[in-house]
Amino acid sequence: MNDDEKYLFDLNGYLVIEGVLTREEIDISNQAIDRYSEKMRIRSREERLDGNSDMLRGTHGRGEFGGLLELESPWCDPFRQMLVHPKIVPYLNEILGKGFRMDHQMFLISMDKGAEGFIFHGSSGPEFDPNQYYIFQNGKMHCGLTVVTFQLGDVNPGDGGLIVIPGSHKSNFSCPVQMKRYEKHQEHIRQITCKAGSVVIFTEAVTHGTLPWTADHPRRSVLTRYTAGNLAFVPAYNIPEWADERQRSVMEPPYHTRLNRPVLD
Ligand SMILES: O=C(O)CCC(=O)C(=O)O
């Protein structure tokens with residue numbers, strides 16, 4: 001993570017890293033999702049995420065596809081590589097510290113035209129959230145839950161998808177309710193655009209949400225939430241047999257790095 005990237009992550013609470021996946025990796029990942037399309041779960045109207053905001057309303061829920069790491073070989077391969085992707089590890093070592101761990105299991109967000117948005121959420125201000133936080137101390141960033149999103153399709157201006165309030169991970173006041181509903185102050189809100197193969201990293205402390213999807217091509221984003229090696233948001237899980245040494249290291253339960261915790265370089 002170079003100095004410009006550190007500055008931008010600290011400033012905005014998120015970072016876009018371009019060109020992480022090759023065209024072949026993007027294609028295989030998309031083929032895997034098409035092949036197992038029956039595993040896609042469309043959120044029901046009872047589980048709506050739009051917070052009853054007219055600005056975030058859609059015609060249907062977003063698609064979610066879990067268990068990507070457990071697909072049959074070779075379809076699981078690109079996702080297992082994403083888990084400990086060598087181009088992403090240095091960023092997580094900087095943002096979360098060595099010994100970082102996968103917290104929530106990897107899953108796909110899929111949105112086709114008309115899929116609803118997600119009301120703004122995140123933990124910034126006014127209370128301290130010991131699981132989702134952003135602190136800068138002793139010349140270093142310290143984060144709780146942090147999201148890594150691999151993009152399997154382009155996200156163009158106006159398409160919808162992930163939106164953030166840049167800098168809100170350091171805010172001290174509550175986000176105005178109408179802003180959370182995307183009804184006010186839109187000029188301070190940024191839609192994150194990027195090309196297929198890019199990765200977006202953001203701290204859960206930055207106030208973020210989702211705009212309804214408007215493009216003809218689907219949104220496909222593979223999300224994994226990581227956290228510092230001593231933290232857990234969700235209960236730890238069993239380490240699967242297929243995991244190699246690198247993958248095992250990010251699936252360790254939470255404990256201090258000093259206790260011979262395996263770390264990735
Ligand atoms: O649309 C996005 O990428 C944001 C998703 C999100 O914040 C969530 O699922 O909790």
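**Close-up 1. Helix α2 is as long as its residue count says it should be.** In this predicted model, α2 takes in residues 23-35, and at 1.5 Å a residue its 13 residues should span 18 Å. The C-alpha atoms at its ends sit 18 Å apart, so expectation and model agree.

**Close-up 2. The buried residues of α2 line one face of the helix.** Here we're looking at Ile 26, Ser 29, Ala 32 and Ile 33, which are buried. Seen down the axis of α2, the buried residues fall within an arc of 125 degrees, so they make up one face. Flip to the other side of α2 and you meet Arg 23, Glu 24, Asp 34 and Arg 35, which are exposed. So what covers the buried residues of α2? The cover includes two strands that come before and after α3 (77-83), namely β3 (63-66) and β4 (101-111), along with β13 (219-227).

**Close-up 3. Four strands make an open antiparallel sheet.** Reading across, the order is β5-β12-β9-β10. The edges belong to β5 (118-121) and β10 (190-191), each of which pairs on one side only. Further in, β9 and β12 pair in the antiparallel sense over 4 bridges, and Gly 161 stands opposite Leu 211 in β12.

**Close-up 4. The ligand has a shell without charged residues.** Around the ligand you'll find Ile 109, Phe 118, Thr 149, Gly 161, Leu 162, His 208, Thr 210 and Ser 221. By class, that's 3 nonpolar and 5 polar residues. Strands β9 (161-164) and β12 (208-211) each supply at least two residues of this shell.

Methods
Residues are numbered from 1 along each chain as its sequence is written. This is a predicted model: local features need pLDDT of at least 70, side-chain atom pairs count only at pLDDT 80 or more; totals for chains, interfaces and linings use all residues. A residue is near a molecule or strand if its C-beta atom, placed from the backbone, lies within 6 Å of it. Ala, Val, Leu, Ile, Met, Phe, Trp, Tyr, Cys and Pro count as nonpolar, Asp, Glu, Lys and Arg as charged, and the others, Gly among them, as polar. Two strands pair if DSSP finds at least two bridges between them. The expected span of a helix is 1.5 Å times one less than its number of residues. A residue is buried if 20 or more other C-beta atoms lie within 10 Å of its own, exposed if 12 or fewer, and partly exposed in between; C-beta atoms are placed from the backbone. The arc is that of the directions from the helix axis to the C-beta atoms. Two residues are in contact if their C-beta atoms, placed from the backbone, lie within 7 Å.
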